[in-house]
Amino acid sequence: MRRWRTPAVLLLTATVMLACSGQRPTETPQAGTAPGATGPTQGGRLVYGLSADGNGFNPITDQFAVQSYSMTTPIIEPLVSVDAGGDWKPYLAESLTPNETYDEWTIKVRPGITFSDGTALTGEIVKNNLEAQKASPLTAAALAPVTAIELADPSTVRVKLRQPWVAFPYQLSAQIGMIVPPSSLADPKAASLKPVGTGPFVFKEYVPDNRMVVTRNPDYWRQGLPYLDEIEFRILPDSQTRAQTLESGGIDAMGTNRDEDVTKFGALQDAYTVHRAEGMSVAEYVFLLNTAAAPLDDVRVRRALAHALDRDTIIKTLRGGLNEPADGPWSKDSEWYVEGGYPGYDLAKATALVQEVEAAKGPIRFETISTPDPNTMQLVELCQDMWRKAGIEVSIRQADQADLINRALTGDFRATVWTSFSAADPDGEYNALHQAFSRPLGEISLNPTRLKDKELSDALDAGRVTPDEAARKEAYATVQRRLRDQMPILFIDHLDTGSVIARSKVRGIGEHTLPDGEKGRPLTGSPIPYHPFTQIWVSER
């Protein structure tokens with residue numbers, strides 16, 4: 001059930017999409033769990049291919065991208081998780097209870113849990129973690145509504161807010177809610193390199209840009225788990241190399257968003273399984289537009305860019321026809337989705353808008369940022385050609401993922417490729433869209449487009465404070481209408497080609513259960529999905 005109905009009982013950092021290249025196959029059926037499984041067995045080693053290294057493993061001080069979660073969550077666990085239906089559920093917390101007005105939440109810590117260094121998990125440790133997150137320059141803005149964090153008793157923390165926040169527990173399911181021991185709080189630099197937590201695995205080895213190895217935690221609090229003895233996360237940034245390494249047996253599983261990987265390995269159902277992200281877990285591929293800098297401070301230019309993009313052709317050419325066009329932050333299979341109003345492909349309208357602007361301001365020229373990956377560059381160059389046909393001159397600057405993110409957050413860009421909008425609840429997009437988080441150029445802005453729109457922000461506020469589901473849906477309908485009207489973001493497609501592909505001997509991907517026995521959220525797409533490793537096992541096949 002939705003936890004805000006009665007009061008009774010974050011991708012702080014986006015990752016850059018690596019687009020597809022090469023010949024595009026046609027769609028084949030998605031493979032499921034490999035046949036022949038008789039049940040989980042203990043032991044074994046998994047080698048798992050990742051698209052990039054992490055930027056450190058301390059959830060309080062380090063930027064977390066999808067690969068960071070893959071490597072860190074086997075060691076450090078959150079207070080809250082998300083179930084298969086998209087509802088939040090307690091994890092390290094035994095319960096989270098709001099007051100009648102949702103401006104205070106009481107967190108009861110689950111008893112009997114210890115960190116791998118032997119320290120017992122207590123309410124005081126949870127309080128200290130949340131206070132450290134609120135003080136961190138990286139995460140403080142996300143906890144801006146928090147006015148006080150109090151220890152009610154040794155196992156209970158009370159969080160007070162300046163306003164109602166019905167979806168507050170979702171914040172604690174990601175980086176902000178990941179709990180580390182006092183030793184990590186005291187030495188954050190060491191915690192960035194050698195993470196310690198309550199999780200099913202413990203840190204063994206880390207070689208930057210090469211690998212991270214974790215081993216089974218023999219004292220894990222969930223009895224009988226994990227199944228695996230060891231996991232090696234192998235850093236393989238090139239998507240083609242990653243696929244070839246899987247095929248040759250060098251790795252056992254990998255994340256990908258290439259359509260050719262989905263179709264190729266999906267057709268080999270006896271040898272591989274393909275697990276695709278679905279629904280709210282799927283990110284959207286977009287271009288962020290800097291509305292605080294010319295020429296993109298003019299909404300006519302932003303609308304012209306949208307009208308010039310033929311999204312169907314992009315998907316057919318670069319996605320093998322597998323994806324759906326995106327026209328907002330949520331896909332058509334989401335309960336929050338409303339349709340209508342997004343500027344469709346119309347080259348004549350785009351050209352007319354360009355001519356109108358040029359008559360007053362001169363030629364429209366700007367630079368867009370792309371990662372150097374050839375897959376991404378192919379998509380950006382295709383968009384560049386479509387914009388050229390409308391009379392817009394766009395140059396391309398290449399930047400690695402870390403530089404691209406920093407440029408976006410500080411406003412040192414005009415347009416940039418981006419992926420976002422995979423939060424389990426729409427409130428997870430609050431900071432990225434609300435005008436309160438729009439900062440001047442040169443300052444870090446959690447709202448990278450820097451759009452200031454009162455109607456949009458009021459709708460985000462309404463969705464945050466009301467527990468009434470109908471009112472929330474209307475609020476987020478307004479959010480979608482304002483985004484389509486003001487166009488701070490060019491939506492391309494819904495990235496449901498984000499997948500985890502594994503050799504058939506690897507079992508349990510996306511099939512984990514939560515402490516209460518409910519099924520957990522299978523995959524989180526951003527755009528390459530991540531997932532828990534607690535209940536993954538390997539068979540003899």
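In this predicted model, the side chain of D425 reaches the backbone nitrogen of D427 at 2.9 Å. The side chain of D425 also makes a polar contact of 2.9 Å with the side chain of R472. D425 belongs to the loop between β17 (415-420) and α13 (430-433). Its relative accessibility is 2%, and D425 therefore counts as buried, the cut-off being under 20%.

Strand β17, which precedes that loop, is part of an open sheet of six strands with mixed pairing, ordered β14-β18-β13-β17-β15-β16. The edges are taken by β14 (324-325) and β16 (393-398); each has a single partner strand, so one side of each lacks a neighbour in the sheet. Within the sheet, β17 pairs with β13 (residues 284-289) in the antiparallel sense over six bridges, and E284 has S420 of β17 as its bridge partner.

Two helices lie across strands of this sheet. Helix α11 (residues 374-389) lies across β13, β15 (365-370), β16, β17 and β18 (489-494), and runs at about 165° to β16. Helix α12 (residues 401-410) lies across β15, β16 and β17, at about 105° to β17.

The contacts of F287 draw several of these elements together. Beyond its neighbours within four places in sequence, F287 is in contact with residues including L379, C383, W387, T416, V417, I489 and L490. F287 is also among the residues with the most contacts inside the largest nonpolar core, which has 94 residues; F233, W387, I392, V479 and L490 are the others. A second, separate core contains 40 residues, among them L130, W165, L172 and W537.

Another set of paired strands centres on β5 (residues 104-109). Strand β4 (residues 93-98) runs antiparallel to β5 and is joined to it by five bridges. The two form a hairpin with five residues between them, and Y102 in the turn has a positive phi of about 60°. Strand β7 (residues 156-161) is likewise antiparallel to β5 and joined to it by five bridges. I107 of β5 stands opposite L96 and also opposite V157 in β7.

In a regular strand, side chains alternate between the two faces of the sheet. Along β5, W105, I107 and V109 point to one face and are buried, whereas E104, T106 and K108 point to the other and are not.

Confidence varies along the chain. The mean pLDDT of the protein is 91, and 93% of its residues reach 70 or more. Over residues 1-36, however, pLDDT stays under 50, although the model has 132 contacts beyond four places in sequence for these residues.

Key:
Residues are numbered from 1 along each chain as its sequence is written. This is a predicted model: local features need pLDDT of at least 70, side-chain atom pairs count only at pLDDT 80 or more; totals for chains, interfaces and linings use all residues. Side-chain values use heavy atoms; hydrogens and water are left out. Helices (H or I, at least four residues) and strands (E, at least two) are DSSP runs, numbered from the N terminus. Buried means under 20% relative accessible area, exposed over 50%, partly exposed in between (1.4 Å probe, protein chains only). A polar contact is a pair of N or O atoms within 3.5 Å; within protein, one must be able to donate a hydrogen and the other to accept it, and residues adjacent in sequence count only if both atoms are side-chain atoms. A nonpolar core is a set of buried Ala, Val, Leu, Ile, Met, Phe, Trp, Tyr and Cys residues joined through side-chain atoms within 4.5 Å. Contact means heavy atoms within 4.5 Å. Two strands pair if DSSP finds at least two bridges between them. pLDDT is the predictor's confidence in each residue, from 0 to 100. Axes are lines fitted to C-alpha atoms, for helices over the stretch in contact, and angles run from 0 to 180 degrees between N-to-C directions.
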